[in-house]
Number of protein chains: 2
Amino acid sequence: MIYIDKKSMIPKYLQIYEQIKKEILNGTMQQEQRIFSSRELAQVLGVSRNTVNSAYAQLEAEGYIYPKRGVGFRVIKVPQIANGISHKVQEKTKCIQKESFYKQKVKYELTNSSHTSDLFPKSIWKKCTLESIDRLEQEAKLTEFQDKQGELYLRQNLLKYLKRIRGVACDESQIVITCGFQQSLEYVCNILSDTGNKIMMEEPGYHKARVLFEHSGYLIGTVPVDRNGLCVDKLSYESNVSALYTTPSHQFPTGVTLTIDRRYELLSWAQKHGVYILEDDFDSEQRFYAKPVPSLQSIDRYGNVIYFGTFSKALSPSIRMGYMILPPALIEKYHKRYDEYNATVPVLNQYIIGRMLESGLYDKHIRRLNQVFKKRLEAFHIAFENISNHIQLVSNGTGQYFLLHFSQETSQEVLIAKALEQGVRVYSTMKFWQDQAECPPNTLFLGLSKISIEEIPDCVNRLQKAWDAWL
Amino acid sequence: MIYIDKKSMIPKYLQIYEQIKKEILNGTMQQEQRIFSSRELAQVLGVSRNTVNSAYAQLEAEGYIYPKRGVGFRVIKVPQIANGISHKVQEKTKCIQKESFYKQKVKYELTNSSHTSDLFPKSIWKKCTLESIDRLEQEAKLTEFQDKQGELYLRQNLLKYLKRIRGVACDESQIVITCGFQQSLEYVCNILSDTGNKIMMEEPGYHKARVLFEHSGYLIGTVPVDRNGLCVDKLSYESNVSALYTTPSHQFPTGVTLTIDRRYELLSWAQKHGVYILEDDFDSEQRFYAKPVPSLQSIDRYGNVIYFGTFSKALSPSIRMGYMILPPALIEKYHKRYDEYNATVPVLNQYIIGRMLESGLYDKHIRRLNQVFKKRLEAFHIAFENISNHIQLVSNGTGQYFLLHFSQETSQEVLIAKALEQGVRVYSTMKFWQDQAECPPNTLFLGLSKISIEEIPDCVNRLQKAWDAWL
């Protein structure tokens, strides 16, 4: 029995649909049972035939009924399992809010992985967005399927920039635009999978790269870092080594620069053993006291270097865009492996950044950023120098992080907890070590991208209070 | 000997830097050689001491020289390999332009994977961009590190939409925002890797999903599709089956809908064997003659269904955004596996789409899109009906593609070549078949997203000319 509520907000056809569906699901209407023709039902219910037809169309579309020649619609057999289900009981998963605990207590967040919001080039982004939408419309590319490698327009302008700033030697066909450094690494892991199952890393090194290598099935070997960067003479070699991951311009996390002699030794070692060098150049355009150091890629004669860059440090981590430069031999492997894959970066966003690079607004933004970070670094330098001789700030004048060394015996855990009591969040270097027993207990990792210059004196005062026993 | 060209555009400090670097690299300056103090060199060259200091700072930053207490700077040992390198000779890789051959000849592109450019909601996108930038600035999130799972604001608004349109039963903690369907699948392949090494697919099915499963190391099993969708009674089961991939709302590429009886049987089979159902619901909101069919996810009582959606069909493939709904048990595995991974989708783009959903502009856009696609589908229907009884258009009135069946004996290759001669590009169904010998030779795959309604009569006229022998 179908009942129509003419006062209901629910359209009549939906009322009919819902009631017939319910009767099929609860077994009132049996398999193969013929249902009223739309003319009959319309008459019975006092509704238009179109209304009934709409209800039947929906029931047919969902496979509850099917048309049988000459006899109208019949009911499909629905298994017992369906009976009585209307809404599944949903087990509520608890959203893990591990951040909330800290957020309440933290006044100063000394991280290097997000910026103070004044640093985003908001008006430039708006301007380039509007221009790029119009441009894409003119080129009839707003609704096009994309080049998985990245838009040519962006690659061409990025190439010009990288040649100028990082000395890279390549053409735009070797550049691949990705949705961030980790995706770049994933591409490379998949392309290199037949060249060995081990990757060498600096110790200490970037933990998020290590996690990715491990998930891709690689074993990890390590090589120590001293104040001249990766110790090339300590590099071991086994036949299963596929690649070496390094941060030569600004070692992560120690902040040192790989000297030129070691650069050549490293390239020579790579060539000798057929090992690829994964050069992560994440923030080298942000060098305050000198020009950026030329990249390894720029002096690689043999095509062993894979170069990685990102816009996370220069624009915002929320941009989610990075890139890599593959040697010619690997670009072919990339195309083969990813032939049926789609792009991962919005074409509009690629045009926006392409436009920023082309117009010089990107350079202008970097200059501004470097002024800001330089001042922050100097403010930290002065503040820490003033409070004690037993604490040393280590930085090569690049990027958005530095290390603190304590000359007194102490532990990272205690220092972090004490700082947090004063409302300052600082970070351990522990997770950057493969062999955590080797991690110096008297070192901390601090970022300056999320704290304004005005806040630094109060922040260091709090740290002085927190660490009084070791100063 | 250093020479300063005072008329040059190149800054003096760079001229000094370049010449000293060259002398070190070509061996004129030897290892451990002391170089002039900045005072001495400034005097010799007649430049300011600051100029020389800048050059030295750069040389030191790059590791060509190092300071030695009391004696100024000394030269580092540079290996012979470095000699004479200024720019590496770059092997130019040829950009494969496989598309260019077709582009010249093609007047009508019957694809389903890009849209006519009038369909992009350009002014909505601009409006929501400007609003979202301001909103993110207010929330101090423009420069924040992101939730890898996707912004809560988008997930909440997407959830409301999916509940209303697709009947999904979940909460926002189960939604993961991705940079497209393939990335969603990659996540799932990695999460499910311990549950078996085989994935069942519909035959025929979506080839880009198959490629991804194969690259992830899975074996592929197949199950046939008839006019009621996947043949659940023909599903084989082996203990190594991890998941079944299906397109129940709009089978790809046959265009049929999985009937409700089979839906329950499929869920029952999945529960019995502990197999996950990967429900790819790529275009089901685009249903022209009935409401969208409720998703499998909406009637899944046991948490076996993983639901996949995308914005590629509704907005543009250039958007690069998709999403998935994981059952509670898997969301925990996702967080564990991807703990150290970053988000892949720009936060601003997430806010833009969140805003479109919240404001109802997304619904409005979908209604417009459906009107357009419905008219195109009907125009094709009428045009093909008019030209012959030996050709049949197959569609369930959803989305952006349909099949053509020829009742005469023919071959896809010949039909495609003949159409191309007339300037129309149509597609084979061959690549959708795992066992290509089973692919019907008298079927073609056509899309209607890239052709305007006005062009359809001329397009079908050309096809009539091309296929005259089989009509």
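Biologist: In this predicted model, is A:Ala140 buried, exposed or partly exposed?

Modeller: Happy to start there. A:Ala140 sits in the loop that runs between helix H5 (122-138) and helix H6 (152-166) of chain A. Buried means under 20% relative accessible area and exposed means over 50%. With a relative accessibility of 34%, A:Ala140 therefore counts as partly exposed.

Biologist: Thanks! What is the phi of A:Ala140?

Modeller: Most residues other than glycine have a negative phi. A:Ala140, which comes just after H5(A), goes the other way with a positive value. Its phi is near 55°.

Biologist: Let's stay with H5(A): what is its reach from first C-alpha to last?

Modeller: H5(A) is built of 17 residues. At 1.5 Å a residue, the expected span is 24 Å, and the helix comes close to that. From its first C-alpha to its last, H5(A) reaches 24 Å.

Biologist: And which helices do the buried residues of H5(A) pack against?

Modeller: The buried residues of H5(A) include A:Ile124, A:Trp125, A:Cys128 and A:Leu136. An α-helix has 3.6 residues a turn, so residues three or four places apart point the same way. The packing partners of the buried residues come from both chains: helix H11 (347-359) and helix H12 (361-387) of chain A, together with helix H5 (122-138) and helix H11 (347-359) of chain B.

Biologist: A:Ile319 caught my eye too. Is A:Ile319 buried or exposed?

Modeller: A:Ile319 belongs to the loop between strand E10 (305-310) and strand E11 (322-325) of chain A. Its relative accessible area is 5%, and the cut-off for burial is under 20%. A:Ile319 is therefore buried.

Biologist: Which residues is A:Ile319 in contact with, leaving aside its neighbours within four places in sequence?

Modeller: One of them is A:Trp125, which is also among the buried residues of H5(A). Another partner, B:Pro346, belongs to chain B. The full set for A:Ile319 is A:Phe120, A:Trp125, A:Phe311, A:Ile353 and B:Pro346.

Biologist: Over in chain B, is B:Arg320 buried or exposed?

Modeller: B:Arg320 is found in the chain B loop between strand E10 (305-310) and strand E11 (322-325). Its phi is near 55°, a positive value in a residue other than glycine. Since its relative accessible area is 5%, B:Arg320 is buried.

Biologist: How about helix H1 (residues 12-25) of chain B: how far apart are its end C-alpha atoms?

Modeller: H1(B) has 14 residues, and at 1.5 Å a residue these should span 20 Å. The model agrees with that expectation. The end C-alpha atoms of H1(B) are 20 Å apart.

Biologist: Which elements are included in what covers the buried residues of H1(B)?

Modeller: B:Leu14, B:Ile16, B:Tyr17 and B:Ile20 are among the buried residues of this helix. Chain A takes part in covering them through its helix H9 (260-273). From chain B, the cover includes helix H2 (38-45), helix H3 (49-61), strand E1 (65-68) and strand E2 (72-75).

Biologist: Where is the proline that a cis peptide bond joins to B:Phe252?

Modeller: Most peptide bonds are trans. The one joining B:Phe252 and B:Pro253 is cis, with omega about 5°. B:Pro253 is found in the chain B loop between strand E8 (241-246) and helix H9 (260-273).

Biologist: And what is omega for the cis bond between B:Glu203 and B:Pro204?

Modeller: B:Pro204 falls in the loop from strand E5 (198-203) to helix H8 (207-215) of chain B. A cis peptide bond joins it to B:Glu203. Omega there is about 0°.

Biologist: How far apart in space are A:Glu454 and A:Arg376?

Modeller: A:Glu454 lies in the loop between strand E15 (443-447) and helix H14 (456-466) of chain A, and at 63% relative accessibility it counts as exposed. Along the sequence, A:Glu454 and A:Arg376 are 78 residues apart. In space, C-alpha to C-alpha, the separation is 9.0 Å.

Biologist: Last one, on the whole of chain A: what is its radius of gyration?

Modeller: Chain A has 14 helices and 15 strands. For its 471 residues the globule rule gives 23 Å, and chain A is well over that, so it is more spread out than a compact globule. The C-alpha atoms fill a box of roughly 95 × 55 × 45 Å along the principal axes. The radius of gyration of chain A is 31 Å.

Notes:
Residues numbered from 1 in each chain as written. Chains lettered and ligands numbered in written order. Predicted model: local features only at pLDDT ≥ 70, side-chain atom pairs only at ≥ 80, totals over all residues. Heavy atoms only, no water. Helix = DSSP H or I, 4+ residues; strand = E, 2+ residues; numbered from the N terminus. Rg over C-alpha atoms; globule rule 2.2 N^0.38 Å. Expected span 1.5 Å × (residues − 1). Buried < 20%, exposed > 50% of the residue type's maximum accessible area, 1.4 Å probe, protein only. Contact = heavy atoms within 4.5 Å.
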